[in-house]
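Subject: Two-chain model for you to look at

Hello,

Here is the structure I promised to pass on. Please open it alongside this email, and then read my notes below.

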Amino acid sequence: MFSIPVFLDSFEPLIWAARYTLLISVLGIVLGLVIGTLICAARLSSNMVLRKLAALWVSFFRGVPLLVQLLVFYYSLAVIGIDVPATFAAVFTVGICASAYISEIWRGAIAALPKGQAEAAVAIGMKPSDVWTRIILPQAVTISLPALINELILLVKASSLVSVVGIMEITRASQAQAATTFRPLEVYIAAACIYLIINLCLSALGRYLEHRTAI
Amino acid sequence: MEWSILEQYGPSLLRGFGVTVLCWILGTIFGMALGLVIALVQRYAPRFVGWIVQAYIEVIRGTPFLVQLFVLYYGGPLIGLRLDAIPAGLLGLTLYGSPYFAEIFRAGFRAVPHGQIEAARAIGMAEPTIVRRILLPLGLVSSLPALVNFSIILTKETVILSIITVPELMYQVGRMSAETYRYLEANLVLALFFWVLVEAISRVGRRVETRITKHLIERT
């Protein structure tokens, strides 16, 4: 039956492991933002080859399960002979995968902006790079904040998959804990609780930001 | 990749693909059914039942699918829930998908014009009849695009079942690569395979969607 002491005891190691979950999700979303912005810019550019490549990128990384992407990247590093920590492979894969989704979030946000804004900026002689950094992106960021927080929640959940390449985040740590205590039920429910708390906090943050930035 | 490998492992890969498709279709059907029940309960049940259902939705949506599977498959036996890998995986997929499907149905029901339901009440239809003849037919059609979309997302989630040893495609690929040491090639081919599969399903989905929406516009 369900044992409360075992359940409470399993929180300590799992909360320690939550550092890695947060690290991977946050670095993943940062990398995803950087690459996603570039992909989005490529998708909206006037160069057809760039547009096609960006569309291919989005369709590939959204079409292939993250777990498969993770293994492909993990093993390809070994084949090429690059010796990097598994954490790097994890962050990189999560970030690349997020970039496909984030570029679509940007695209939606930019499509929601009145076209006249960019045209006006060009008309008064702004450089294209200035139009992006001063007119389009600041507004797009505001519009897409809730969607980005939502993406971060998805990444926190997706980061559980990096346990298969041996990173001691919450899920992996709970596997280890379950193996030593022989009480998988309590341990995994504790792990679920920690994920739930993280995500409830994030969604509260998302609602707050949505409220703050509402025009 | 040598062809002899494919010859040797072809049958098990095919079987794995069969299990993937089976899990996907059954998981989608059961998940949709449970989601529909949840959406109806949220609409009609008394408030405290609604709260319980809301808590269930938050828990499922706030936790990773993998952890849910671990609780079910490894934790289940401690409370007497002993399931083989495939039933556990199916139950997991059903539970995981249900809140998302419920949200889709809820949005679909909201899209049914309120006047239609009021009109049905005004001519004296009983509430169950209203659900059956007004709410469901109208609500289901408007939630169709989102349903197709989420079903496609579920195809990608089926690979996670391999971690709890459900013998689906990814599990078989994993076994093959462990025996032949061809990890990279095997996973690369798997990635391409899923890419094609998901693209194909979403193309078909979009076509079905356009057809049904066209029909809808003609009728109304």
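The second largest pocket holds about 400 Å³ of space. Keep in mind that this is a predicted model. In all, 20 residues line the second largest pocket. Those nearest its centre are A:I189, B:V59, B:I60, B:Q68 and B:V71. To find the pocket on screen, start from those five.

Which elements give two or more residues to that lining? From chain A, the answer is helix 9. From chain B, the list is helix 2 (47-62), helix 3 (65-75) and helix 4 (85-110). Helix 3 of chain B has the largest share of the lining, with six residues. By class, the lining has 16 nonpolar residues and four polar ones. Charged residues are absent from it.

Next, the interface. On the chain A side, 35 residues are in contact with chain B. On the chain B side, the number is 33. Between them the two chains bury about 2,900 Å². Carbon and sulfur atoms give 80% of that area. Within chain A, the residues that lose the most area to chain B are A:K157, A:L185 and A:Y188. Together these three make up 18% of what the chain A side buries.

Where does the chain A side come from? Four helices of chain A each supply at least two residues to the side that touches chain B: helix 3 (48-63), helix 4 (66-80), helix 8 (170-181) and helix 9 (184-213). Helix 9 of chain A gives the most, with 11 residues. Helix 9 of chain A also appears in the pocket lining described above. By class, the chain A side that touches chain B has 23 nonpolar, eight polar and four charged residues.

How many salt bridges are there between chain A and chain B? The count is zero. Polar contacts do cross the interface of the two chains: the rule finds seven residue pairs, with both residues at pLDDT 80 or more.

Over all chains, the salt bridge count comes to seven. One salt bridge pairs B:R106 with B:E103. Their closest N and O atoms are 3.5 Å apart. Both residues sit in helix 4 of chain B. They are three residues apart there, so about one helical turn separates them. Helix 4 of chain B is also among the elements that line the pocket.

One more residue to click on is B:W24. It lies in helix 1 of chain B, which covers residues 3-44. Which residues does B:W24 contact, leaving aside its neighbours within four places in sequence? They are B:S151, B:L154, B:T155, B:T158 and B:I201. B:I152 is 128 residues away from B:W24 along the chain, yet their C-alpha atoms are separated by 9.2 Å.

Last, the overall layout of each chain. Chain A has nine helices and zero strands. Its pattern along the sequence is α-α-α-α-α-α-α-α-α. The C-alpha trace of chain A spans about 70 × 45 × 25 Å along its principal axes. Chain B has eight helices, and its strand count is zero. From the N terminus on, its elements run α-α-α-α-α-α-α-α. For chain B, the C-alpha trace spans about 70 × 50 × 25 Å along the principal axes.

Best wishes

Conventions. Residues are numbered from 1 along each chain as its sequence is written. Chains are lettered from A and ligands numbered from 1 in the order in which they are written. This is a predicted model: local features need pLDDT of at least 70, side-chain atom pairs count only at pLDDT 80 or more; totals for chains, interfaces and linings use all residues. Side-chain values use heavy atoms; hydrogens and water are left out. Contact means heavy atoms within 4.5 Å. Buried area is the accessible area (1.4 Å probe) that two parts lose on being put together, summed over both. A salt bridge is a side-chain nitrogen of Lys or Arg within 4 Å of a carboxyl oxygen of Asp or Glu. A polar contact is a pair of N or O atoms within 3.5 Å; within protein, one must be able to donate a hydrogen and the other to accept it, and residues adjacent in sequence count only if both atoms are side-chain atoms. Ala, Val, Leu, Ile, Met, Phe, Trp, Tyr, Cys and Pro count as nonpolar, Asp, Glu, Lys and Arg as charged, and the others, Gly among them, as polar. On a 1 Å grid over the protein atoms alone, a cavity is a set of points where a 1.4 Å probe fits but cannot get out, and a pocket is an open set with protein on both sides within 12 Å along at least five of seven lines; lining residues have an atom within 4 Å of a point. Grid points are joined across faces, edges and corners, and a volume is the space filled by probe spheres set on the points.
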